Amino acid sequence: GQTIHLEDYRPTDFVLERVDLTFELDPKETKVEARLIFHRREGVSPAAPLVLDGDELRMTGLLLDQVEISPTLFEATDDTLTIHGLPETAPFEVTVTTLLSPETNTKLMGLYRTNNVYCTQCEAEGFRRITYFPDRPDVLAVYTVNIIADKATAPLLLSNGNYLGGADMGDGRHFAAWFDPHPKPSYLFALVAGDLGVVEDTFTTASGRTVALRIYVEHGKEAGASYAMDALKRSMKWDEEVFGREYDLDIFMIVAVSDFNMGAMENKGLNVFNDKYVLADPETATDADYANIEAIIAHEYFHNWTGNRITCRDWFQLCLKEGLTVYRDHEFSADMRSRAVKRVAEVRHLKSEQFPEDAGPLAHPVRPTKYREINNFYTTTVYEKGSEVTRMIATLLGRDLFKRGMDLYFDRHDGQAVTIEDFVACFEDASGRNLKQFSLWYHQAGTPLVTASGSYDAEKRTFSLSLEQMVPPTPGQSTKEPMHIPLRLGLLLEDGSEAKAATVSGADLTEDVIHLTKRKQTVLFTGIPSRPVPSLNRGFSAPINLHIEQSAEDRALIARHEIDLFARWQALNAIALDNLVAATTQARSGLPVTCDGALVSGLIAAAADDRLEPAFRSQALALPSESDIAREIGSDNDPDAIHAGRQQILAGVAAAGRDTFTRLADDMASSGPFSPDATSAGRRALRNSALSQLVYGDKGPERAAEAFRAANNMTDLSLALTLLAHRFPDAKETAEALAAFKQRFADNALVIDKWFAIQATIPGAGTLDRVKTLMADPLFNGNNPNRVRSLVGTFAFSNPTGFNRADGEGYRFLARQILDIDPRNPQLAARILTSMRSWRSLEEVRAGHARNALTEIAGAASLSADVSDIVDRMLE
Ligand code: B3K
Ligand code: ZN
């Protein structure tokens, strides 16, 4: 494909006023009639033709104001339809008829079939697979949709907006009409038809309107949708209370489908979800599943205002809706659960997913300026870093001014398709602040590195903190300007109390936020009674890498006393990372691994501290992952050494903390019936962390096998199975548990996904053969994205030692899988291929094998635009 540049943006020549769609649904031959009313935009040349987008369309009719258009006046290519000779000023109607085959649409973009249900996915450019259309987000129109289908197999006919009516057609078919009064871009169009079960409820808005809520699932699975319904009602209420946003239609629907390329889609009034993020019951869903459902239900609902009412002018502005909406769903979850625990989870995720992206060949700005395939830009940078940038605006402005800026945004831009500049201007206008330098966060890729060092002058009672920032070069951006970095900090004294400086100079300060705006800055604090320990980047106020020379003892002081719980976790994590990096070096050179005493005592103290909530203690106990360690090391990585070093540290902690972990496993045992609430989930998490530690210390599988037998919910059951499989892969107990689990849940696809994923993540070179064997299992299904992700994706993304086998077989296997998946589902193939994004930081033998595998993909006879974009950027 060709490269699209932001600077080339210009509005369409024609304004679309109305859209009238009629679908005659058929699995093999669906007929779509699209009636589009346009007028020429003022000032546009009368000779300018109308150019519409298309993708793999079969057109059988084309009319202008109901009269067939002469073949000399239009031309259709693979991806456009151009019509000449259109009226100069008067509105006109173009009617396009196309034939589609939903059944054979394996790309899952446009109209497709999943489990006998017709469904659509149009973001970003799927609508053009339904009909010729100005398929771009700045074309907003009002839609009427008529659906005709077989009554027996598709009793349910749904589209956006409000239901107008329907009737029996007397020939075994029926029809329904929907009207969406809110002008919307085509990417928010949706249609669903089929035979589904429903869960119904209502929500009364702040202004007293009753909204019908419906969640559609496979027949028989209705009970599994009740948690999602509860999450939806809480989201609706929260958005009214916190952002002042009320829902705007009479009905809000969610449909769960089992074949879906991503998590969910925010189509106006008719969200379509991967069923993984709707269905949950204690027997089959883990606490993590419940938390994800709550977050994603909220995220898609929140899009109704941030995305749908106010949308993106072009796809470069994707973070306008995604970064902001992730920020909103993070805040929602923080309010529903524990704020500190939520923040730890967010930062863990950001560091393990976004930081590597930002440090590798796929790095791009939060607001990119060019792309070849837009589907490849639904990235963790656009989403999660985009959210962090929004969070920094809130930090810079403070709660009240941030709220004023948001209100202004909703007020000023409702009904429009806008840009990041429009968004930022609302906060500037509402606050009177200048956010020009801050905006570099949208434009400069790469994770800034802040290096800090402090020195205390006992005589003058001053503490000086030198700060230096550096934004690393990224593809296409070799030099960077200094950024505006809001750094929250505290100075802790020996007794753990916080020093209150008499004066602070050298940087602007608002509350506990230092504004770092220059390349180098020295901040001077006066009136400090004794040598303080600086706790920097509290709450992860900026998404940066921070280097500060700090002893494990100083960090331990922060871990014990910080009032900011996140900072406590951060300090423990820093001690752990230092130790794990050293352990890697030791393991790699065959030396004995030394376990830092401050780490062991810090972890055990945090885990044992009954004043802290269990969920936080569980997070504190979780050591940085192998990929966290690889990222910290940065180059010449040997995943086997990282694994070996980490295992020995784990063993050290497990041995030293045995008594504590035994007590915790006991204390945190559940009593009473299962509840998915955050407090109960936190107790399960701490208990399972303690159990994991105990199992690491075990010589045999008995304890893990016993936990497997005793489990009465999926959180405990899957953890026990993971412990068995990962710690004792070849034990008879493991084989038995895997077989029992498979047999018990053979009918539940979402649980079987877990069964595949647990086996795909067994550490070690032998897992590749296991994965290959699993691909031949009758339960494996290469056409179902969830299943492919659970086996192939999980292996590549989450099994550092297995995937990065020293002989390169893991990469060759992945290359074959990518080439196999690509022809049927390019988006899925491209996404899984990004698992190789950090290949350049591997040691040279592995990096060589990785390069060869990528080169093999790049050289394949025919590649989708999706995969070739990713592979080319990775090899550049
Ligand atoms: N907006 C969708 C993602 C669409 C992805 C298209 N490849 C889900 C979301 O972010 O809410
Ligand atoms: Zn989103």
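1. A convenient place to begin is helix α8, which packs with helix α10 (residues 597–608) at an angle of about 5°, the two axes lying 10 Å apart. Angles under 35 degrees count as roughly parallel, and α8 is therefore roughly parallel to α10. On the α8 side the contact is made by A552, E553, A556 and A559, which meet A598, L599, G602 and A606 in α10. Sorted by class, the residues of this contact are 6 nonpolar, 1 polar and 1 charged. As with everything in this note, the geometry is that of a predicted model.

2. The same approach can be taken to the neighbouring pair in the text that follows. Helix α8 (residues 552–561) also packs with helix α9 (residues 565–588), here at an angle of about 155° and with the axes 7 Å apart. Since angles over 145 degrees count as roughly antiparallel, α8 and α9 are therefore roughly antiparallel to each other, and their crossing is left-handed. The residues that meet are A552, R555, A556, I558 and A559 from α8, and A567, R568, A571, L572, A574 and I575 from α9. This contact divides into 9 nonpolar residues, no polar ones and 2 charged ones.

3. A third helix pair shows another arrangement. The axes of helix α13 (residues 639–656) and helix α15 (residues 678–697) come within 8 Å and cross at roughly 105°, and α13 and α15 are therefore roughly perpendicular to each other. In this crossing L650, A651, V653, A654 and A655 of α13 meet Q693, Y696 and G697 of α15. By class, the residues of the contact are 6 nonpolar and 2 polar, with no charged residue.

4. The helices above can be placed against the annotation of the chain. An unreviewed UniProt entry gives the feature "domain: Peptidase M1 alanyl aminopeptidase C-terminal" for residues 553–876. Over that span the chain is 72% helix and 0% strand, and the C-alpha atoms at its ends are 44 Å apart.

5. Two further annotated spans have a strand content but no helix. UniProt, again in an unreviewed entry, places "domain: Aminopeptidase N-like N-terminal" at residues 20–188; this span is 52% strand and 0% helix, with its end C-alpha atoms 15 Å apart. The feature "domain: Peptidase M1 alanyl aminopeptidase Ig-like fold", also from an unreviewed UniProt entry, is placed at residues 446–547, where the chain is 48% strand and 0% helix and the end C-alpha atoms lie 16 Å apart.

6. A separate domain division should be kept in mind when reading these spans. The protein is divided into domain 1 (313–443), domain 2 (451–543), domain 3 (550–697) and domain 4 (746–876). The C-alpha centres of domain 2 and domain 4 lie 42 Å apart.

7. Two details of the backbone deserve a reader's attention. Most residues other than glycine have a negative phi, and most peptide bonds are trans. The peptide bond from E123 to A124, however, is cis, with omega near 0°, and A124 lies in the loop between β11 (117–121) and β12 (141–150). Q66, a residue other than glycine, has a positive phi, near 75°, and Q66 is found in the loop between β5 (58–64) and β6 (67–68).

How values were computed: Residues are numbered from 1 along each chain as its sequence is written. Chains are lettered from A and ligands numbered from 1 in the order in which they are written. This is a predicted model: local features need pLDDT of at least 70, side-chain atom pairs count only at pLDDT 80 or more; totals for chains, interfaces and linings use all residues. UniProt positions are given in the numbering used here, feature names are shortened, and annotations may be inferred rather than shown by experiment. Helices (H or I, at least four residues) and strands (E, at least two) are DSSP runs, numbered from the N terminus. Axes are lines fitted to C-alpha atoms, for helices over the stretch in contact, and angles run from 0 to 180 degrees between N-to-C directions. Angles under 35 degrees count as roughly parallel, over 145 as roughly antiparallel, 65 to 115 as roughly perpendicular and the rest as oblique. A crossing is left-handed if the near helix is turned anticlockwise from the far one by less than a right angle, and right-handed if clockwise. Two residues are in contact if their C-beta atoms, placed from the backbone, lie within 7 Å. Ala, Val, Leu, Ile, Met, Phe, Trp, Tyr, Cys and Pro count as nonpolar, Asp, Glu, Lys and Arg as charged, and the others, Gly among them, as polar. Domain bounds come from an automatic or database domain assignment.
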